[in-house]
Amino acid sequence: MPQISLSLLCSLCLSGLLIWGLTAHRHRFGLLPRVTLAMMALQSVLIGLRWSYGLTGAVLVQGVLAALIPAFLLMTLRQMVASGGGRDPVERLVLYALPAALILISPLYPVPGIDYLIAATFLAYGGVLIYLGRTTDMEWHDRVPFQALVQTNAAFQMAGGALILSGLVDLAVSHDLATNGGRLAPQIVGFANVALLLVTAGAVVLVNRHVNRHGANSPHLPPLPDIFAEGPGDEDVADAAL
């Protein structure tokens, strides 16, 4: 019988929790949050396979996903707030896609510092989210499941902190690969997966309990606005940060 490592088991459990959240509240979210959660679930499984069984065939996909997830998380959170505004301008979308594009072409054209690009992306977006959470007055849309459970600014700062921690883990893994040949990398990733699984499981339990207790599926609540609908313009809460 094949053995499943702790790292992969945690990755599968984390992926399952994300998929459960994706399906349980699919009627309350637009396309962008669902895509973001799906990307996180896929990335979690790829990381587990990479560091449990040495699967390297999907390293490029893993790198592209890692470079895109912070931007998708930022866009998702911004468009869940009542003052989120409309679509992002094309220039900002190009900026969001730039790290992923550099990783995509790196096998063909050497890119200086590519090994630390993902960590830098996580740290940068984490800093932006924390900045927004500390300096901007924001409120959730009424139909967000956790709108009465977690304050908007606190959620932005927690998401930013999670990205920064992920960036630090990536830096630790890159350093171990460069100095020790990756001898400690599986343990580092496994520890990070366990911690992330515990935090995610706790958050899912709290949100689900809150939704059930307060009847979040009441038909009297207004629908959550379509996050891909055209908004009043680009005067949104993140203009000053990006």
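The protein chain holds 7 helices and 0 strands. Read from start to end, the chain follows the pattern α-α-α-α-α-α-α. The model is predicted, and the description below moves from the whole chain to its helix pairs and then to single residues. Of the 242 residues in the protein chain, 41% are buried. Among contacts between residues at least 6 apart in sequence, 76% join residues at least 24 apart.

A good place to start is the largest nonpolar core, which has 33 residues. Within this core, Leu74, Leu77, Leu129 and Phe156 touch the most other members. Two or more residues are given to this core by each of α2 (31–53), α3, α4, α5 and α6 (152–180). The largest share comes from α3, with 11 residues. Leu77 gives a helpful view of this core: leaving out residues up to four places away in sequence, Leu77 touches Leu129, Trp140, Phe156 and Ala159.

Next come the helix pairs, beginning with α3 and α5. The axes of these two helices come within 9 Å and cross at roughly 10°. An angle under 35 degrees counts as roughly parallel, so α3 is roughly parallel to α5. On the α3 side, the contact is made by Gly63, Ala66, Ala67, Pro70, Ala71, Leu73, Leu74 and Leu77. These residues meet Ile118, Thr121, Phe122, Tyr125, Val128, Leu129 and Leu132 in α5. Sorted by class, the contact of α3 with α5 has 13 nonpolar, 2 polar and no charged residues.

Helix α3 also pairs with α6. Here the axes come within 11 Å and cross at roughly 175°. Because an angle over 145 degrees counts as roughly antiparallel, α3 is roughly antiparallel to α6. In this contact, Pro70, Leu73, Leu77 and Arg78 of α3 meet Phe156, Ala159 and Leu163 of α6. The residues of the contact of α3 with α6 divide into 6 nonpolar, no polar and 1 charged. Leu77 appears in the contact of α3 with α5 and also in the contact of α3 with α6.

A further pair is formed by α4 (residues 90–105) and α5 (residues 117–135), whose axes come within 10 Å and cross at roughly 165°. These two helices are therefore roughly antiparallel to each other, and their crossing is left-handed. From α4, the contact draws on Leu95, Tyr96, Pro99, Leu102 and Ile103, while α5 provides Leu117, Ile118, Thr121 and Tyr125. By class, the contact of α4 with α5 has 8 nonpolar, 1 polar and no charged residues. Readers following along in the structure can find Ile118, Thr121 and Tyr125 of α5 in the contact with α4 and again in the contact with α3.

Single residues add detail to this picture, and two residues of α3 are worth a look. Gln62 lies in helix α3, which spans residues 59–79. Buried means under 20% relative accessible area, so Gln62, at 15% relative accessibility, counts as buried. Not counting residues up to four places away in sequence, Gln62 touches Gln43, Leu46, Ile47 and Arg50. Ile69 is also found in helix α3, and at 8% relative accessibility Ile69 counts as buried. Leaving aside neighbours within four places in sequence, Ile69 is in contact with Met39, Met40 and Gln43. Gln43 is thus touched by Gln62 and is in contact with Ile69. Along the chain, Ile69 and Leu163 are 94 residues apart, and their C-alpha atoms are separated by 9.6 Å.

The loop between α5 and α6 offers two exposed residues. Glu139 has its place in this loop and is exposed, with a relative accessible area of 54%. Glu139 and Asn153 are 14 residues apart in sequence, and their C-alpha atoms are 8.2 Å apart in space. Gln151 lies in the loop between α5 and α6 as well. With a relative accessible area of 63%, Gln151 is exposed. From C-alpha to C-alpha, Gln151 and Trp140 are 8.1 Å apart in space, with their positions 11 residues apart in sequence counted as a separation. Trp140 has already been mentioned as one of the residues that Leu77 touches.

Conventions
Residues numbered from 1 in each chain as written. Predicted model: local features only at pLDDT ≥ 70, side-chain atom pairs only at ≥ 80, totals over all residues. Heavy atoms only, no water. Axes fitted to C-alpha atoms, helices over the stretch in contact; angles between N-to-C directions. Helix = DSSP H or I, 4+ residues; strand = E, 2+ residues; numbered from the N terminus. Parallel < 35°, antiparallel > 145°, perpendicular 65-115°, else oblique. Left-handed = near helix turned anticlockwise from the far one by under 90°. Contact = heavy atoms within 4.5 Å. Nonpolar A, V, L, I, M, F, W, Y, C, P; charged D, E, K, R; others polar. Buried < 20%, exposed > 50% of the residue type's maximum accessible area, 1.4 Å probe, protein only. Core = buried A, V, L, I, M, F, W, Y, C linked by side-chain atoms within 4.5 Å.
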